[in-house]
Amino acid sequence: MESFKLTRIFLDGRIQSVLLLLALGTVPFWAFNLWFVRIFIIANVFAVYALSWNLLVGYTGQISFGHAFFFGGGAYASVLLNKYLGIPAPLAMAMSGVMCGLAGVILGYPCLRVRGIYLALMTWAFPLIFLGFVMYFGEVFGREMGISGYQGLSLSYSVNYYVSLALVVLTVLATMVIVNSRFGLIIQSIRDNEVLAESVGINISKYKILFFSLSGVIAGISGAFYAHFLKSITPELLAVDMSILVIIMVIVGGLGSIVGPLMGAYLVTFLNNYLLYIPELRMMIYAIVLIVTLFLRPKGLLPWSPKMGSGGGAE
Amino acid sequence: MALLEVISLSKNFGGLVAVNDVSFQISGGEIVGLIGPNGAGKTTIFNLISGLVTKSRGTVVFKSTDITKVKPYQLVSLGICRTFQLTSSFSEMSVLDNVKVATVCKTKGSESAKKARETIGLVGLEEYEGSLPGELPHGHLKRLDIARALATSPELLLLDEPFSGLAISEVRGLTEVLRRLKGMGITLVIIEHMLRELMPLADRVIVLSFGEKLKEGSPEEIVRDQRVIEAYLGKKWDDAI
């Protein structure tokens with residue numbers, strides 16, 4: 001009986017998330033070297049990015065194949081604000097989040113008219129348009145060479161690590177609050193049955209755009225942090241690979257939960273760093289991981305990753 | 001004054017005239033049956049009133065407000081809600097959450113759960129609060145449909161074939177629920193093919209055939225009308241009454 005209770009506690013998504021975040025808080029104390037901490041910082045950034053995609057796709061059911069638009073867009077916006085307008089990096093990061101949120105509202109409108117694969121294709125096109133701007137206005141965006149020579153974050157890896165972890169914690173908390181509130185009920189109803197949701201008085205367009213925007217804010221801030229941490233950015237941040245990477249992270253971890261995308265982001269980031277030594281096989285290996293996951297465990301590799309449940313909310 | 005006025009409503013799907021110049025009025029507090037053979041345009045009229053399908057011509061007025069171009073979700077705040085012919089639910093949400101989500105546009109916080117529980121009690125699904133819709137038998141899903149619509153606090157409820165697929169005992173139970181709703185002052189428009197159950201319940205019946213209004217009157221008038229008998233009820237009904 002006691003072990004049954006204990007099992008139930010550990011199956012609670014909130015407990016899992018808290019345990020995972022507590023474990024992550026200890027990383028700088030036992031990390032083997034700075035390279036290891038650096039990978040964890042990047043993993044934290046991708047965890048926030050994955051949570052932003054999961055908020056849109058996992059909870060509202062709006063498929064995005066172009067989330068790199070927000071990630072790369074946030075990175076470029078923050079860097080440009082810092083480099084050309086002299087706005088301090090933390091403020092530039094926050095402003096880039098707001099800008100990505102506004103972009104989410106603007107892009108959310110055309111997305112209302114399409115669903116499923118058509119929505120996926122439309123979102124896939126967004127970062128390509130941005131990429132076109134980057135290449136065309138090369139004096140500003142630096143074309144293929146990208147941008148460098150702007151303000152980075154702290155010189156201390158520990159400080160950078162805890163700031164990135166704070167972003168993860170804030171995103172997890174925000175997601176939990178949202179999915180456990182009345183918004184959680186509303187977005188789950190939209191995901192389950194749009195026509196029925198509208199028939200009981202839910203303005204589905206408003207909530208879809210709201211979550212498109214919210215997801216954009218989070219992805220934009222994660223991209224901005226990534227840019228200031230790496231101290232140089234290239235158009236690769238807007239490439240299709242960046243949109244695919246976040247999908248793999250969430251699908252591998254488990255769509256529609258909180259701990260799933262988190263774990264997926266850490267697993268894939270570490271895998272990614274080892275695959276850097278064989279770049280020509282990297283995407284092929286990701287594709288195989290994705291196919292195997294979808295075939296064998298379509299709800300994610302983590303067997304204990306709980307989905308958004310009843311009771312007005314999530315885990 | 002009529003609660004709902006449907007004025008010269010028409011709908012064409014390409015060359016097919018699904019609804020042709022249909023007009024009727026619904027008064028507050030009555031139960032009106034909307035009957036007719038398959039393809040007569042009954043569900044299309046519900047879809048037109050509820051804004052799911054755009055009207056080719058005509059006007060819909062609710063409480064003296066023109067709602068012809070009002071969006072489906074806005075109708076709920078005005079006091080109109082509908083159910084669908086096939087049972088539909090939020091499959092990954094419990095029965096309680098299925099109903100609770102329908103309260104969110106009119107109630108806040110703890111009021112929402114209270115209202116949802118009251119509504120679930122009204123249709124007799126208290127035991128199934130925590131169940132998923134997939135775990136409910138068909139008859140209970142029909143009740144869940146009605147509970148969800150009721151949770152929006154409607155003045156006018158449009159029910160599309162609430163008795164379809166139900167056993168006689170389930171129909172009787174649901175009929176009692178609908179009488180209770182009438183007692184609460186809710187106006188009901190019911191599309192139904194199970195006329196033996198509908199006729200004793202309805203104050204008035206509107207008959208549609210090939211997209212046009214064939215007859216409107218009390219259930220007694222309807223079952224004795226020769227055109228209705230020929231178009232829909234058939235000779236057996238004539239013999240039975």
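Which residue in S8(B) is the bridge partner of Leu158(B)? Load the predicted model, select S8(B) and look for Val189(B), which is the bridge partner of Leu158(B). The tour starts from this strand and works outward.

**Stop 1: strand S8 of chain B**

Keep S8(B) selected and colour by burial. All 5 of the 5 residues of S8(B) are buried, so the strand is largely enclosed by the rest of the structure. Turn on the side chains: Thr187(B), Val189(B) and Ile191(B) point one way, while Leu188(B) and Ile190(B) point the other way. In a regular strand the side chains alternate between the two faces of the sheet.

Now add the partners of S8(B). S7(B) pairs with S8(B) in the parallel sense over 5 bridges. S3(B) also pairs with S8(B) in the parallel sense, over 4 bridges. To find one of the contacts with S3(B), pick Ile191(B), the bridge partner in S8(B) of Leu34(B).

**Stop 2: the sheet of 6 strands**

Extend the selection to the whole sheet. It is open, has 6 strands in the order S6-S7-S8-S3-S9-S10 (chain B), and its pairing is mixed. Strand S6 (80-82) and strand S10 (212-217) of chain B are the edge strands, each pairing on one side only. From one strand to the next, the twist averages 15°.

Go to the S6 edge. S6(B) runs parallel to strand S7 (residues 156-160) of chain B, and 3 bridges join the two. Arg82(B) stands opposite Leu158(B) in S7(B), the residue with which the tour began.

Next, show the helices that pack here. Helix H9 (residues 226-233) of chain B packs on the sheet and touches S3, S9 and S10 of chain B. The direction of H9(B) makes about 125° with that of S10(B). Helix H1 (residues 42-49) of chain B lies across strand S3 (31-35), S6, S7, strand S8 (187-191) and strand S9 (204-209) of chain B. H1(B) runs at about 145° to S7(B).

**Stop 3: the sheet of 4 strands**

Hide the helices and select the other sheet of chain B. This open sheet of 4 strands has the order S2-S1-S4-S5 (chain B), with antiparallel pairing. Strand S2 (16-26) and strand S5 (65-66) of chain B stand at the edges with a single partner strand each, so one side of each is left without a neighbour in the sheet. Inside the sheet, strand S1 (residues 4-13) of chain B and strand S4 (residues 57-62) of chain B run antiparallel and are joined by 5 bridges. To locate one pair, label Ser10(B) and its bridge partner in S4(B), Arg57(B).

**Stop 4: the two domains of chain B**

Colour chain B by domain: domain 1 covers 4-79 + 154-240 and domain 2 covers 87-152. Their centres, taken over C-alpha atoms, are separated by 24 Å. Where they meet, 13 residues of domain 1 of chain B are in contact with 11 residues of domain 2 of chain B. On the domain 1 side, the elements giving two or more residues are helix H2 (72-78), S7 and helix H6 (168-183) of chain B. H6(B) gives the most to this side, with 4 residues. The residues on the domain 1 side divide into 9 nonpolar, 2 polar and 2 charged.

Then select Met93(B), in the loop between S6 and helix H3 (95-100) of chain B. Is Met93(B) buried or exposed? Met93(B) has 25 other C-beta atoms within 10 Å, so it counts as buried. Draw a distance from Met93(B) to Leu132(B): the two are 39 residues apart in sequence and 6.1 Å apart in space, C-alpha to C-alpha.

**Stop 5: where chain A meets chain B**

Bring chain A into view. The contact takes 17 residues from chain A and 21 residues from chain B. On the chain A side, helix H10 (182-192) and helix H11 (194-199) of chain A are the elements that give two or more residues, and H10(A) gives the most, with 6 residues. The chain A side divides into 5 nonpolar, 9 polar and 3 charged residues.

**Stop 6: the largest nonpolar core**

Finish with the core. The largest nonpolar core has 163 residues, of which Ala47(A), Ala50(A) and Met249(A) touch the most other members. Helix H4 (residues 34-60) of chain A gives the most to this core, with 16 residues. The core also draws at least three residues from each of domain 1 and domain 2 of chain B. Centre on Ala50(A): leaving aside neighbours within four places in sequence, Ala50(A) is in contact with Val246(A), Met249(A), Val250(A), Pro261(A), Gly264(A) and Ala265(A).

Methods: Residues are numbered from 1 along each chain as its sequence is written. Chains are lettered from A and ligands numbered from 1 in the order in which they are written. This is a predicted model: local features need pLDDT of at least 70, side-chain atom pairs count only at pLDDT 80 or more; totals for chains, interfaces and linings use all residues. A nonpolar core is a set of buried Ala, Val, Leu, Ile, Met, Phe, Trp, Tyr and Cys residues joined through C-beta atoms within 7 Å. A residue is buried if 20 or more other C-beta atoms lie within 10 Å of its own, exposed if 12 or fewer, and partly exposed in between; C-beta atoms are placed from the backbone. Domain bounds come from an automatic or database domain assignment. Two residues are in contact if their C-beta atoms, placed from the backbone, lie within 7 Å. Two strands pair if DSSP finds at least two bridges between them. Axes are lines fitted to C-alpha atoms, for helices over the stretch in contact, and angles run from 0 to 180 degrees between N-to-C directions. Ala, Val, Leu, Ile, Met, Phe, Trp, Tyr, Cys and Pro count as nonpolar, Asp, Glu, Lys and Arg as charged, and the others, Gly among them, as polar.
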